[in-house]
Amino acid sequence: MKIAVVGTGYVGLVTGTCFAETGNQVTCVDIDVRKVERLQQGDIPIYEPGLDVLFDRNVAEGRLVFTTNLAEGIKDAQVIFLALPTPPGEDGSADLKYILKVADDLGYILETYAVIIDKSTVPVGTAEKVHNAIAKNAKVDFDVVSNPEFLREGVAVEDFMKPDRVVVGTSSEKAKKMMEKLYAPLVRQGNPVIFMDERSAEMTKYAANSFLAMKITFMNEIANLCEKVGANVDDIRRGIGTDSRIGKRFLFAGIGYGGSCFPKDVQALAKTSKDYNYDFRILESVMAVNYDQKKKLLPMVKNYFDGDLKGKTVAVWGLAFKPYTDDIREAPALENIEALLEAGAKITVYDPEAMNNVKGILGDKVTFCHTPYAALDDADALMIFTEWPQFRTPEFEKMGKLLKNKVVFDGRNLYELDQMREMGYTYYSIGREVVIPA
Ligand SMILES: NC(=O)C1=CN([C@@H]2O[C@H](COP(=O)(O)OP(=O)(O)OC[C@H]3O[C@@H](n4cnc5c(N)ncnc54)[C@H](O)[C@@H]3O)[C@@H](O)[C@H]2O)C=CC1
Ligand SMILES: O=C(O)[C@H]1O[C@H](OP(=O)(O)OP(=O)(O)OC[C@H]2O[C@@H](n3ccc(=O)[nH]c3=O)[C@H](O)[C@@H]2O)[C@H](O)[C@@H](O)[C@@H]1O
């Protein structure tokens, strides 16, 4: 099939590359001239494990090309994906200006029937808005389909190629046939496509992200209670996750959810509820709890230093909002670093992938280090915000020699309590007893 993908951010690039990999001819369009130049030179602007191999192969074999020209990019395309940003507007609703602008342009330039696919996360009713925006000027027949994306950063290729499910919202038989053909290679491998109407598909995406955010938040609240009652949240996770009705995944208590999607999507669903005069109380709680959770370790650090962080050096491990990505959008580490700087602390940081992205924001306000151990040298404490695998089994003796105080504030529960006790560390984590050396 001939496919156009408009927007080559995370989702656009993965969508385009994966559909090229399944034998389609894909043109990716972006207005960011520098990004397109980089892509044309074979340089991927994001860090996403496994994407490079597919990208290189499909570029080399001519199935994946890039342009800044929308008319050129969509020419003869049977399907046109819109993988454009939907950032939160001032009132929390998803801002549709990027999508509606492209929809408007498409009306003028569509030359043959095409299925326009909303891949972005968009509120209920958007397919209709996109349809109307195109229809204003369209001279040919077209359909608008909702096909939300469920991939996770860091495992995006795997999620895209072997999805738990593909959701397609359409009321057009013609578009349905096209979507069946498009996803046939995935269906043949046993990955189901679930068809429904457009509004239900749009809601499915928000329901999925909000449910997962709620699941994490529930565990964070259990963790906070565990600290008070003297229980261990990791045991609770194992104890309830084995119940197949609950499931093992997304039960890890921590420093709050971040990233470019959960925070904005929970907020957007709350706004949709308000617009329809529905008081979605759970969502309000999820947002409030997560706001506090992100700053949870700060009082512990302040308390440890008797309320005064002036002149103290805090080493930070992990900047990305989660491992296997360089994405720092809504990353808990950033908020914490800003607060620590404000309190007068000095910061040394290490992250295997995200430091370049943070340099543009924090500049020389923090010291960027080339190894996790370099960040510890002469630091007064260590804080951990991202569970990169390399932080899981560090050389504790070496760490103890580099740190001025053997104290760790761990937002991801990476270490066993007994292990830290034996090593003589003071160890604060989430939803577990504080380890204080005898
Ligand atoms: N990042 C993720 O893991 C996931 C994101 N989503 C959703 O997918 C959508 C896109 O997200 P990301 O890929 O992260 O966004 P992004 O912000 O990384 O990329 C969007 C791209 O669109 C381009 N763009 C903006 N206006 C344009 C125009 N008029 N013509 C052509 N290109 C234009 C930008 O230059 C940028 O390269 C959002 O709605 C998001 O909620 C859904 C699932 C996963
Ligand atoms: O709409 C989106 O953009 C995507 O949002 C999330 O994917 P992503 O943001 O890449 O990352 P997740 O792995 O879901 O993690 C989100 C946040 O939750 C946190 N988290 C996750 C799991 C957990 O058990 N505990 C926990 O605190 C992570 O640390 C991270 O900050 C969803 O998992 C994807 O299905 C969805 O497509």
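A residue counts as near a molecule if its C-beta atom, placed from the backbone, lies within 6 Å of it. Keep that cut-off in mind for the ligand stops on this tour. The model on screen is predicted.

**Stop 1: ligand 2**

Select ligand 2 and show its surroundings. Twenty residues lie around it: "20 residues" is the full shell, and E153, F252, Y257, G259 and C261 come nearest. Now colour the shell by class. Eleven of its residues are nonpolar, five are polar and four are charged. Next, select helix α9, residues 198-229. With three residues, α9 gives the most to the shell around ligand 2. Then colour by domain. Domain 1 (2-196) and domain 2 (205-293) each provide at least three residues of this shell.

**Stop 2: ligand 1**

Move to ligand 1. There are 26 residues around this ligand, and G7, G9, Y10, S120 and T121 come nearest. Which helices should you select here? Pick α1 (10-21) and α5 (97-109), since each supplies at least two residues of the shell around ligand 1. By class, this shell holds twelve nonpolar, eight polar and six charged residues.

**Stop 3: strands β1 and β2**

Select strand β1, residues 2-6. Is β1 largely enclosed or open? Four of its five residues are buried, so the rest of the structure largely encloses this strand. A residue is buried if 20 or more other C-beta atoms lie within 10 Å of its own. Add strand β2, residues 25-29. The two strands pair in the parallel sense, over five bridges. For one such match, show V5 and its bridge partner in β2, C28.

**Stop 4: helix α6 and N132**

Go to helix α6, residues 126-135, and pick out N132. Why does N132 count as partly exposed? N132 has 13 C-beta neighbours inside 10 Å, and a residue is partly exposed when its count falls between the limits of 12 or fewer for exposed and 20 or more for buried. Now draw a distance line from N132 to E433. Their C-alpha atoms are 57 Å apart, with the two positions 301 residues apart along the chain.

**Stop 5: the domains**

Zoom out and colour the whole protein by domain. The division is domain 1 (2-196), domain 2 (205-293) and domain 3 (297-428). Focus on domains 2 and 3. Their C-alpha centres lie 24 Å apart. Where they touch, nine residues of domain 2 are in contact with twelve of domain 3. On the domain 2 side, those residues divide into three nonpolar, five polar and one charged.

**Stop 6: the six-stranded sheet**

Select strands β9 to β14. These six strands form an open sheet with parallel pairing, in the order β11-β10-β9-β12-β13-β14. At the edges are β11 (367-368) and β14 (426-428), each pairing on one side only.

Work through the sheet by pairs. Start with β9 (residues 313-317) and β10, which pair in the parallel sense over five bridges. Show W317, which stands opposite Y350 in β10. Strand β10 (residues 346-350) is mostly covered, with four of its five residues buried. Next, take β12 (residues 381-384) and β13 (residues 407-410). Three bridges join these parallel strands. Here I384 stands opposite D410 in β13.

**Last stop: a UniProt region**

Select residues 315-417. An unreviewed UniProt entry lists them as "domain: UDP-glucose/GDP-mannose dehydrogenase C-terminal". Over this stretch the chain is 31% helix and 17% strand. Its end C-alpha atoms are 21 Å apart.

How values were computed:
Residues numbered from 1 in each chain as written. Chains lettered and ligands numbered in written order. Predicted model: local features only at pLDDT ≥ 70, side-chain atom pairs only at ≥ 80, totals over all residues. Nonpolar A, V, L, I, M, F, W, Y, C, P; charged D, E, K, R; others polar. Domains from an automatic or database assignment. Contact = placed C-beta atoms within 7 Å. Pairing = 2+ DSSP bridges. UniProt positions renumbered as here; feature names shortened; annotations may be inferred.
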